[in-house]
Structures are given as structure tokens and as C-alpha cells.
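Q: Hi! I'm new to this one and would like a quick tour. Could you walk me through it?

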Amino acid sequence: MFKSLLLLSLVLLMTNCATEEIGQKNVAQSSSEAKIWFDNHQKDYSSTVLNYIGSLQWQNAIISEGEDGQIIEVPFNLSSNLSATTKEANQYNDHHRLMFIKDEQNGFKLFYIQILTNDENYKIQDKNYNYYNIKDTFNGKIFVQELATNAGTKIEFKKGKKLEPSLTAKYSENEIQCVYYGYWYEDGHFEPLYEVGCYASGGSDPQYLPAPDYGGGTSTNPNPSEGCPAGYVYKLGDCFLDQKIFDQLTGKAKCIYLRLMASSLFSNAIKKFDGDFSVSHLKLTINNNLDPYVFGITKPPVNYITEIQYDNTKLGTLSDLGSATVFAHEIIHAEMFRKMLSAAQSGSLDPATMTAQQQTAYVNALKDNYPGLMDYFYNRFHATWNHDMMATHYRGIIADIIQQFDNNRLPRSTYESVAWFGLGNLGDGKTTVAWANLSTAQKTAISNLISQNIYKGPSNCN
Amino acid sequence: MKTNITILFFLLVNFLSGQTKESDYYSFYKGGNKSLKPIKYILFNSKENDAKVQREGKIYFKIKSERFVFDKKKHRADTCLVSFLNNIKLENIAKLRENEVLYYKTESKKTDAYKKSGFIPPFPVTSIHPYFKVYVVEKIKNDKLIKYEVDWEYSDF
């Protein structure tokens, strides 16, 4: 009996503890080897990325094994709080790694990995991403660049599955995407400062053997949509309506919407509601009974849906430019709600349905992710917070959208004035702070330009 | 005996009409204490461009920049003598939102969460303003008025 117990104890000791120790030693050994090699060879490379590495997180190195041998990936942040996205600024949450693959001749082959998500709110967990596997329902792009040649490739993922590029698309110019380092601003625009590289699916240079594949292509996740009712999909741990934009527009509103969707700025704003992991859906409807002088209204979100109602009768009294301004104004209201929903991780913005802990998480998420919103909506909350924020920080975006919609027909200053529509007088003697700060002469000039262009001017949508 | 029945009937009617319902209360957070909404009376005056529209069993009041809706399925409308105005305070509609924010800022500091950690709940962004119980008062004759129980709707555009 005693002998049996002793034997069992020995077996347990040998099997449980030893494996973990060996594993840790291997990780430390491998990353240490790569680190020494990198310190000695860094000067041999001239890639842009090497000038912008904040600090390499060797202690968080991700090591995976497979048919290409052992792969070491070392995460890092960019220096000076820089971020990366594509030229179109439609990729988010940039994650960066240096990847080391053993090479008989030179020690290691060195690659630069950039992981970017399609959805602004999707959080990447580093441990779920490695050379051999994406253990995640990831929607986005991974750019792989070999630093010896700077040749690279773009790999797209949808729900964790690799999308294979078509043969015709492989080397098409339209398929090439360039990545830039720069800064995101609170109003959602990205200022590109440095080009990092341009990548196509299947390799940026057809003459060059494409960089290695990444992510294996097979997700080990079980299908997470199971368990949701019909018409719903699984996202962020919950079941969501499997529809993103409910377009129920007709008449003039529909015509303006379609024309706006042909312009990149507006369609990019709309696409934020269309992401597979967006927590907010957009419903565009017609309500010809809106109050006097109300052309459109954005309803507070209910059950993850933000509804924008447009009054076709009243839009009929506006020029196309005026109607487009109404659309841009309302979509920015919806965008604010979308950000708030993502912070609240809830289908509505009613704190009475949240526990005190959930409210604290909501406010903390606002603080961490949307400091501007936090400032207007929470820190300095007052009754006209949303129009105040829009008047101060989003007029430029509205002007950009309507200028693009109007094909630059008018001077930039006119679009900037027209963007004030709905952001000056708020009724009952109230105005936005930004409007109140204008001189009387400025207010008069802007009001004149609004009445000359909002109510008059080309009207091809009827 | 007859007098007693009359008194009993009077008390019953008074008791029933004074009953509060779920929507008369608000809470700052799920599971938090429920508080009775303060009552606010708003005067509807068609001579001052206030608008009243009836549609699908509801009456919509647009008073200055605010919008109220009376839904006969869930709200009450009472006819009163004009002298009722002597017993109530009419709100300045232009200040209604500011007063709501002031009320929220004051009352939210009375919650347990605030007392424990100084945390103020975020303001609700909902279809109906949550903190006040609103009545729209409309004069219908020289000596009568209708008091409509209403929802104060979100109307930022």
C-alpha cells in the first residue's frame, strides 16, 4: 500500500511540474536567443518600422511551433504614441510585432507583423494570435513584411477565417493597401505622417516570393453562433441582430443617402455601424410628421438600434446640399450614440437598467476610449452637451462630407458655414457655446450663407 | 348609514385617484432605491405658436422646443376648474431641461453609490425624459381646463 502511494506521488510529481518548467525554460531560452541575435543585427536593416519601435516586450514573446519550426513573435508599441492604419483610415486597434523565424544561414529571418481590426471596438488579445493560428473570430487585416527586402503581403480575415484573394485581384492595383503611422483625433480622423509600406494580397512584389503566410487559417474556436436565436449572431459574448443597417428610406431622403454613400467620407462613417462586431445598428426611416422646422431626428438607441428619422416633406424644401447637411448632422449624433453604446456594452443608454458596477464600467470605458465624449457628456454635463460637442469638434467633418457630396462646387468657407446648420440657435433662446462665442458679424455672415445654400441651390433629388 | 356609505365612497375614489404607478418613480441604477418623480405642470398656449396634433390615438404637444405625448392607453386626462391653476406652479418651459439637469445633479448625490465612492451615475439618453412627471395644462373654456398626463419625449435633432 505504502509503495503504491509512493509510486503514485512520484508519477504525479514527474508529470505535473516538470512539463511546465521545461516549457518556461524553452520560452525564455528562445526569446533570449532571438534578442541577442536582434541586438547584433538590428543595424543591418533599414526598414521604417525600426525607427518607431517604442520598446520590444521580450517578456511577452509569443512562441509557437509547427511545420515551419519555432516562431517567436515579440509585441511592441510604436514610439511617441503613434498609431497605424491604412490610407483610408478604416482599420483600427493596430498591434505590432517583430517575428523571428529560424534560418540556417543567418540565424533568423526577421519580419514585421501588423494586426489591424475592421471594427473600432474589437479588442485583440495577443495570446490568441500567432503564426500558426488565429484563435479568435477576428475580422481585419494582417500585414506581414520581411525586413531584409521590405517586401510584404496583406492577409484578410473574416470571423477568424482567412479570405483567399482571387487570382485577378491578387496583383490588382486596387488591392494594394498602404499603411501609415500617424495620429487619430477625437473627431475620428487620422493624420498620416509616415508611410510604412504598401501591401497586396499574395505579395506586394510579384517578382518576390511572398512573405510567409500568417495565422494558419484555421480557427480552433468552436462555432460561437450556436445558441443564438434565428436572425441573431454571437458577438462580444452576446446575441445581436444579424443585420446592421436597416435602410427604409424613400423619395428624396433615399436619393440623398445613395449619393452620400458614393462619397468615401460618409460611407466610411456609415460603415462603422456595419462592422461584424459593431454594437450599434442603424435604422434609417421616414417620418413625415416631425415637428415644425425639424428635418431629421436621431432617436436614442433601443435594443442596440439607433433610428434616424427623416422628414421627406421638409427635406423637399431644402436644396440637395441642405439635405446632405441634415444627413451628416444626424449621422454624427448616431456616431456619438454608437461610441456610448460601445462604452456601456449595452443595448441602450439608460443607466436605470445598469447596476452601479455596470455604470462605473461604462464611465471608465468612456474615459479610456472617448475622452472627448467623457468631457462633454459626463464631466461637464449640461442639457445641450451633444450639440455643443458637435459645434466645437465635428463641424469640420460635416463640412468635409458635404463638400465631397457637392463635388467642391463652392468655396471651402461656404461649406464650413453651412455646417453650422442646426448648431447655432437651439430654440428657446438657447445657443451652443461655440455659436455664442462668434461675433455678431460672423453670425450674420454664416446665417446668410446658410439661407443662401440650405434652402436654395441645386436640387436634383426630388 | 347613507352618510357612512357616501364618506366611504368618497374616500375610495380619493384613494384610487391618488394612487401612484410604476412610471411615477425613477431609479438612478438597477436595484437602487426608487424615488417619486416631482410633478411639473406646463401650460399649452395655442396663441404662442404651441402646436397640438392628434394622431393614432395620441395627442402630441409641441411647446416651444419640447415635445410631449398623451397616450390615452396609458395616461389620464382630467377636466378641472380654472381655479386649479391657483393650486399649482406652472413651469417655465424654456428652463425645463436645465431644471431637470439641476435636479439630476442634486439628487444623484444622495445615492448610496455616491456616498460610498463619490460616483455620479451618467445621465440617461432615453426616448422619454426620466426624472419629472409632466402634465400639460390646456384651457378649454373660460372656466375649465384639461390636465393631460404626458410623456416628455426626447427631441434633440
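Q: Let's start where the chains meet. How many residues of chain A are in contact with chain B?
A: Happy to help! This is a predicted model, and in it 31 residues of chain A are in contact with 29 residues of chain B.

Q: Which elements of chain A give two or more residues to that side?
A: Those are β18 (296-298), α6 and α7 (356-369) of chain A. The largest share comes from α7(A), with 5 residues.

Q: And what's the mix by class on the side of chain A that touches chain B?
A: You'll find 17 nonpolar, 10 polar and 4 charged residues there.

Q: Okay, changing topic. How many helices and strands are in chain A?
A: Chain A has 13 helices and 21 strands.

Q: What percentage of chain A counts as buried?
A: Of its 462 residues, 39% do.

Q: Which residues touch the most other members in the largest nonpolar core?
A: That core has 69 residues, and the ones to look for are A:A328, A:M340, A:I398, A:I402 and A:V418. Helix α6 (residues 320-344) of chain A gives the most to this core, 14 residues in total.

Q: Let's zoom in on A:A328. What does it touch, leaving out residues up to four places away in sequence?
A: A:A328 touches A:F266, A:I398, A:I401 and A:I402.

Q: What about the second, separate core: which residues does it include?
A: It has 36 residues, among them A:L110, A:F111, A:F143 and A:Y199.

Q: Last one! Of the contacts in chain A between residues at least 6 apart in sequence, what percentage join residues at least 24 apart?
A: For those contacts, the figure is 66%.

Notes: Residues numbered from 1 in each chain as written. Chains lettered and ligands numbered in written order. Predicted model: local features only at pLDDT ≥ 70, side-chain atom pairs only at ≥ 80, totals over all residues. Core = buried A, V, L, I, M, F, W, Y, C linked by C-beta atoms within 7 Å. Buried ≥ 20, exposed ≤ 12 C-beta atoms within 10 Å, placed from the backbone. Helix = DSSP H or I, 4+ residues; strand = E, 2+ residues; numbered from the N terminus. Contact = placed C-beta atoms within 7 Å. Nonpolar A, V, L, I, M, F, W, Y, C, P; charged D, E, K, R; others polar.
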